[in-house]
Amino acid sequence: ITGVNLFANHYTGGFSNSGTISGFNAAEVGGVTFTGDISNSGTITGFHIGLVVGFLSTFAGTISNSGTISSTEIGFQVVGPSAPISFFDSGTIIAGNGQPAIDLTQGSPGNILTLGPGYSITGVVAGQGTDTFQLGGVGAGAFDLSGIGVQYTGFTTFNVVSGTWTVSNTDAQTQGWTVSGGTLAGTGSLPGLTVASGGTFAPGNPGTPGTFTVTGSLAFASGAFYLDTVSTTTASKTMVNGTATLGGASVQIAIGSTIATGHQYTILTDTGGGLGGGNIFSPTVIYGIYRGTLSYDADDVF
């Protein structure tokens, strides 16, 4: 198809592409109100913009890409005074000529961008104001934290909402992250971390002990999980430079290899010295066929 243009005062029904669309602005969606989802599992190729959404006072739906959106300039863009959108990408988005792959700066703030496993983005992803960046979807994915503030700009809220995400390198910005669902794993460094009820934090790469660093504060809620991988002589560990609030969260142990009976492992160190006064995990350690106990000193969890 050469170009799709859906502009109406009131549009109901959504838009889905599983084929091939090309054009100057290959797919355009706009108007006053739009009810329904926009999804692409095929190929959208633009000579200026691949997919553009704009001038919507009401948008009741989501936008998702599991296919390919590419352009010689802008991949996906929200334009004009427009209601905030929610965009999920587990496909490929390619921009060219120094233009953004995803541009959320031309619409209204409050947008939500969620990356899913399998995503591939060539170009800058530009948010604004109160826009939210999330890692989600189904399955396992990897994310390089050093892209925050460099490739992924203008976002103020950062979440993990589902899936298992292994992160690496350092997020050099000041905003902390929240794990509200799914699992955050890896050997990266974050400025702050909150693990909400139902969320899991797992330092180290899955199945391998490793160290994760939180340069600010780490806070667990009751109902959250701390998943630690233990091998023969080492265990995954979190280094917290601020204050660690353990909140009665549950500790789960994954066995990376044969473990040593009776061995003591350090699983968290708070160099800020905030582990006093009954600040503990749940006393029950979920350990498979093994049994484990927790102990503490002023700075460490064993």
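Which residues of strand β10 (residues 86-89) point to one face and are buried, and which point to the other and are not? Before selecting them, note that this is a predicted model, in which local features need pLDDT of at least 70, side-chain atom pairs count only at pLDDT 80 or more, and totals for chains, interfaces and linings use all residues. Residues are numbered from 1 along each chain as its sequence is written, and side-chain values use heavy atoms, leaving out hydrogens and water.

Start with the whole protein. The C-alpha trace spans about 70 × 35 × 35 Å along its principal axes. The secondary structure consists of zero helices and 34 strands (DSSP runs numbered from the N terminus: helices are H or I, at least four residues; strands are E, at least two). Of the 302 residues, 50% are buried (under 20% relative accessible area, with exposed over 50% and partly exposed in between; 1.4 Å probe, protein chains only).

Next, select β10. Phe87 and Asp89 point to one face and are buried, while Ser86 and Phe88 point to the other and are not. In a regular strand the side chains alternate between the two faces of the sheet.

Add the neighbours of β10. Strand β7 (residues 63-65) runs parallel to β10 and is joined to it by three bridges (strands pair if DSSP finds at least two bridges between them). Here Ser64 has Phe88 as its bridge partner. Strand β13 (residues 112-115) also pairs with β10 in the parallel sense, over four bridges; Leu113 is the bridge partner of Phe87.

Finally, go to Ile255, in strand β31 (residues 250-255). Ile255 counts as partly exposed because its relative accessibility is 37%.
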